[in-house]
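Trainee: I have a structure open and would like to learn how to read it. Where do I begin?

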Amino acid sequence: EEYYTDRNQIFAIVDNGDCQSNVVPITLNILNNAELTDISPISVCADENGQARIDLESYEIDILDGQNGTITWYLDDEITPVDFPDSVIISGDTIFVAQAGVGTSCASDPVPILFTLSNGINFSQPNNPYLLCTDPTTGLVLIDLESFVDSIYNGTGTTVWTEMNGDTIDQSMNYFSALPTRLQLTISEGLCLSDIIIFEFEERPAFTPNNITLSACDDGMGTAIFDLSARESDIFGDPNARYTYYEDAGLNTIIPNPSNYSTTGGSVFVLVEIDGCFGGPAEIELNVQSSAQACPSSLDTCSSTGNIVLNLLNFNDLVNCGMGTGVVVTWYEDDQATIEITAPSNYSSSEGSVWFVVGTGICASDTLEFPITVSPAPIAIPDTLESCDNGNGLGVFDLTLSNNTINGGTGLTVSWFEDNGLVLSLIH
């Protein structure tokens, strides 16, 4: 008869029909079904023969994960028991199966545990020598041992630092040393132990960052925005350097946003730091240049043929807003300013547009359009007029009688001049 309970003790008597026995306690042990933890993969280190000896029993505490129980080990067929689990030799990646409570009703599910064979610890060789700076007041340098481990190794093994005489360094303490010095590092991963790794530390020679000049265009009010960090490689070439910018040579006022610094010009200063060593300050001269101004314009002209020849240079002072001949104007045939008009003083055109840019370099204007409108010119017809001498050697002509002949009967106005330069006008 099945009896369900969470009690840990009940009682029983024996009855032969006439007499009863004494009352005896019955202890009930409620056993939990073990749930094993898969701690795969477990990396073990191969010896020079490509094999590793492992103690399966040493992993049982982690597999049981705080539970009570006895583990039985099998090969990966889950049938063949491992005869000596405390000393097993493997020569490649191998699966062993762990099971707790074998032979009881509370046996766990079998759990495969993968052991992978490692050929050694992966790390990079140090980039010796490492250049550091000593404190001038003590003559010592603080060496951040953890950061140098991270520079060559990204595993989870155990590291041990020693001095060259074999004395172990307490990595929980700050390590100070004079320079130059050499230290030894070893790394262990399970059964794997690295060769001794030598780090060399030397005094960094004093360095001086370079002064530079930056230029930017103003906003029309004499103020420009600079990216002070744009040419850090020209200030100091080391990619590991860090830069701090100040408004004064005394390094009192820090510039919090050097990539967006607004100023009317002058100088700022930069302090360069690398691995605790400082150089500078270097001066950055800020040159604020006036932005070029461009004024839109156009041309309306006439031609009897539809084509004209222009001297575009005559319009320079118009499109540069009257800034004078010292301001460069460049003329183009396209709105992308890629096809330059190489002979602007003798430019042949029909109706359409050309484009221009005022100024050069970083402060040049945008590309603006210069529309050219060509209207049909009226045609004047040559004529010959005759008149009798008035007795004084002069002819008397009524020029207006010839207007319809000269304008071809179009009714357009005819103006008369004594010279082909149209300077001496005949007014009637």
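Mentor: We will go from the whole chain to its disulfides. One caution comes before that: this is a predicted model.

Trainee: What helices and strands does the protein chain have, and how many of each?

Mentor: Count the elements. The protein chain has 5 helices and 29 strands.

Trainee: How do I read the radius of gyration of the protein chain?

Mentor: Set it beside the value for a compact globule. For 428 residues, that would be near 22 Å. The protein chain has 49 Å. Then look at the box around the C-alpha atoms. Along the principal axes, that box is roughly 185 × 75 × 45 Å.

Trainee: What share of the residues is buried?

Mentor: Buried means under 20% relative accessible area. In the protein chain, 31% of the 428 residues are buried. Now turn to the surface. About 27,000 Å² is exposed, and carbon and sulfur atoms supply 48% of that area.

Trainee: What do contacts say about residues at least 24 apart?

Mentor: Take the contacts between residues at least 6 apart in sequence. Of these, 56% join residues at least 24 apart.

Trainee: How many positive and negative charges are there?

Mentor: The protein chain has 6 positive and 60 negative charges. Compare their mean positions too. Those lie 19 Å apart.

Trainee: Now the cysteines. How many disulfides does the structure hold?

Mentor: A disulfide is a pair of cysteine sulfur atoms within 2.5 Å. The structure holds 4 disulfides. Number the bonded cysteines in sequence order, and the pairing reads 1-3, 2-5, 4-8, 6-7.

Trainee: Which parts of the chain does the pair C133 and C277 link?

Mentor: Start with the bond. C133 and C277 form a disulfide with sulfur atoms 1.6 Å apart. The pair links distant parts of the chain, 144 residues apart. C133 sits in the loop between β9 (130-132) and β10 (141-143), while C277 is in strand β21 (residues 277-289). The link of C133 and C277 is right-handed, with 120° about the S-S bond.

Trainee: Are C133 and C277 buried or exposed?

Mentor: Check each one. C133 has a relative accessible area of 22%, so C133 is partly exposed. C277 has 2%, so C277 is buried.

Trainee: Why is the disulfide of C217 and C363 called left-handed?

Mentor: Look at the torsion about the S-S bond. For C217 and C363 it is about -110°, so this disulfide is left-handed. Their sulfur atoms are 2.1 Å apart. C217 lies in strand β16 (residues 212-217), and C363 lies in the loop between β26 (352-358) and β27 (368-376). The pair therefore ties together parts that are 146 residues apart in sequence. C217 is partly exposed at 22% relative accessible area, whereas C363 counts as buried at 5%.

Trainee: Where are C295 and C321?

Mentor: Both are in loops. C295 is in the loop between β21 and β22 (299-303). C321 is in the loop between α4 (316-319) and β24 (329-332). The two are 26 residues apart. Their disulfide spans 1.9 Å from S to S. With 120° about the S-S bond, the link is right-handed. C295 is partly exposed, with a relative accessible area of 26%. C321 is partly exposed, with 26% as well.

Trainee: Are C19 and C388 buried or exposed?

Mentor: Use the cut-offs: exposed means over 50%, and partly exposed lies in between. C19 has a relative accessible area of 48%, so C19 is partly exposed. C388 has 69%, so C388 is exposed.

Terms used
Residues numbered from 1 in each chain as written. Predicted model: local features only at pLDDT ≥ 70, side-chain atom pairs only at ≥ 80, totals over all residues. Heavy atoms only, no water. Helix = DSSP H or I, 4+ residues; strand = E, 2+ residues; numbered from the N terminus. Rg over C-alpha atoms; globule rule 2.2 N^0.38 Å. Buried < 20%, exposed > 50% of the residue type's maximum accessible area, 1.4 Å probe, protein only. Contact = heavy atoms within 4.5 Å. Areas by Shrake-Rupley, 256 points an atom, 1.4 Å probe, with all protein chains shown as cover. Lys, Arg positive; Asp, Glu negative; His and termini not counted. Charge placed at Lys NZ, Arg CZ, Asp CG, Glu CD.
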